[in-house]
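Subject: Structure for you to look at

Hi,

Here is the structure I promised to pass on. Have a look around first, then read on for what turned up.

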Amino acid sequence: MELIQKQGLNEITEENAVKRACEGDPEAFSYIYEHYVSRIYSYIFYRIGSEADAEDITSRVFYRAFGHIGNYVDKGVPFSAWLYRIAHNLIANWHRDSHRRKEVPLEDQLELPSHSDHPERALEKSQEMELLLVGIRQLSPDRQQLLILKFVEDYSNAEIGDIMGKSEGAIKSLYHRALIALREEMAKIGYQSEM
Amino acid sequence: MANEMDEYTYLNSLEKRLSESLRPVRPDPSFIHSLKERLSQNSNVMLEKPASNNGLIMLGIGLFAGALILLLLSRKKSG
């Protein structure tokens, strides 16, 4: 019984992982890494569209996070908010260094059509996806971040508010403006959405 | 009124397209594994370094300050 209780105390959970990582527990680092690496990678990939650069920036996010985790202050928002903020800043640096930017065909890397689609329909879908991403990448960084967190990561407005440091109301308003701006961008590139 | 309806319908349609098209992208498993290895090696170095260095520096400063005080006191007495 005592052994089970001790094991329970030693078990790393989502709640205690950050505190333990701040104290230097390598298992907690490992837990945090495995818990967040795919989401952070996915977010970065959608923002920049290159697999190699997404891997590079993901590595930097975790090196920076673990290098500075001792300075992390729990302000009552999810730990992921801190990681997304690091990613957001590194992506901004990457965009500033715009000479390195190379677009990679996205249909090779994204989970696009399901296997049940007809070939013509699958092709239509991947072209539509490319157009959507071209439109999204024309938006301001805040609007891009919001759309990716909402549709790719499936976060609620309240969670997005925590991550972006804004109120839920501000997120709703930003979301509406982002959709209108995206509609304008899509119109510029000749995209027609089915009604 | 009709324009507002059009805009509402268009935005709903765009929202539907976004939720159907955007899916999470998984990184290459070999990338996940190799980054984990690199991070764990790096965190071991980071954790070990500061404790031993800080201790030695503090000991050195303490010994130097002690010796300096003794030297000053002995000079004052003899002078």
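Which residues of the largest nonpolar core touch the most other members? They are Ile40(A), Tyr43(A), Ile44(A) and Ala87(A), out of 45 residues in that core. Before you go hunting for them, keep in mind that this is a predicted model.

Several helices feed this core. Those of chain A that give two or more residues to it are α3, α4 (51–67), α5 (79–96), α6 (119–137), α7, α8 (157–164) and α9 (168–188). The biggest giver is α3(A), with 13 residues. As background, nonpolar side chains tend to be buried together in soluble globular proteins.

Ile44(A) is a nice one to click on. If you skip its neighbours within four places in sequence, Ile44(A) is in contact with Ala54(A), Ile57(A), Thr58(A), Ala87(A) and Ile91(A).

Now zoom out to chain A as a whole. You'll find nine helices and zero strands there, so don't waste time looking for a sheet, because the count of strands in chain A is zero. Buried residues make up 29% of the 195 residues in chain A. Among contacts in chain A with a separation of 6 or more, 58% are between residues 24 or more positions apart.

Next, two helix pairs that are fun to line up on screen.

The first pair is α4(A) and α5(A). Their axes come within 9 Å and cross at roughly 130°, which makes α4(A) oblique to α5(A). The crossing of these two helices is right-handed. On the α4(A) side, the contact is made by Asp53(A), Ile57(A), Arg60(A), Val61(A), Arg64(A) and Ala65(A). Facing them from α5(A) are Leu83(A), Ile86(A), Ala87(A), Leu90(A), Ile91(A) and Trp94(A). Sorted by class, the residues of this contact come out as nine nonpolar, no polar and three charged. You've met some of these names already: Ile57(A), Ala87(A) and Ile91(A) are among the contacts of Ile44(A).

The second pair is α3(A), residues 26–48, and α7(A), residues 141–152. Here the axes come within 10 Å and cross at roughly 130°, and that makes α3(A) oblique to α7(A). The crossing is right-handed here as well. From α3(A), the residues Ser42(A), Tyr43(A), Tyr46(A) and Arg47(A) meet Gln144(A), Ile148(A) and Val152(A) in α7(A). This contact divides into four nonpolar, two polar and one charged residue.

Just one loop residue to point out. Asp154(A) sits in the loop between α7 and α8 of chain A. Its phi is near 65°, a positive value in a residue other than glycine. Is Asp154(A) buried or exposed? Asp154(A) counts as exposed, because it has 12 C-beta neighbours inside 10 Å.

Finally, chain B. How many residues of chain B are in contact with chain A? There are 25 of them, and they are in contact with 32 residues of chain A. On the side of chain B that touches chain A, α1 (2–21) and α2 (29–78) each supply at least two residues. The largest share of that side, 10 residues, comes from α1(B). By class, that side of chain B has 14 nonpolar, six polar and five charged residues.

If you only have a few minutes, start with Ile44(A) and its contacts, which include Ala54(A) and Thr58(A).

Cheers

How values were computed:
Residues numbered from 1 in each chain as written. Chains lettered and ligands numbered in written order. Predicted model: local features only at pLDDT ≥ 70, side-chain atom pairs only at ≥ 80, totals over all residues. Axes fitted to C-alpha atoms, helices over the stretch in contact; angles between N-to-C directions. Helix = DSSP H or I, 4+ residues; strand = E, 2+ residues; numbered from the N terminus. Parallel < 35°, antiparallel > 145°, perpendicular 65-115°, else oblique. Left-handed = near helix turned anticlockwise from the far one by under 90°. Contact = placed C-beta atoms within 7 Å. Nonpolar A, V, L, I, M, F, W, Y, C, P; charged D, E, K, R; others polar. Core = buried A, V, L, I, M, F, W, Y, C linked by C-beta atoms within 7 Å. Buried ≥ 20, exposed ≤ 12 C-beta atoms within 10 Å, placed from the backbone.
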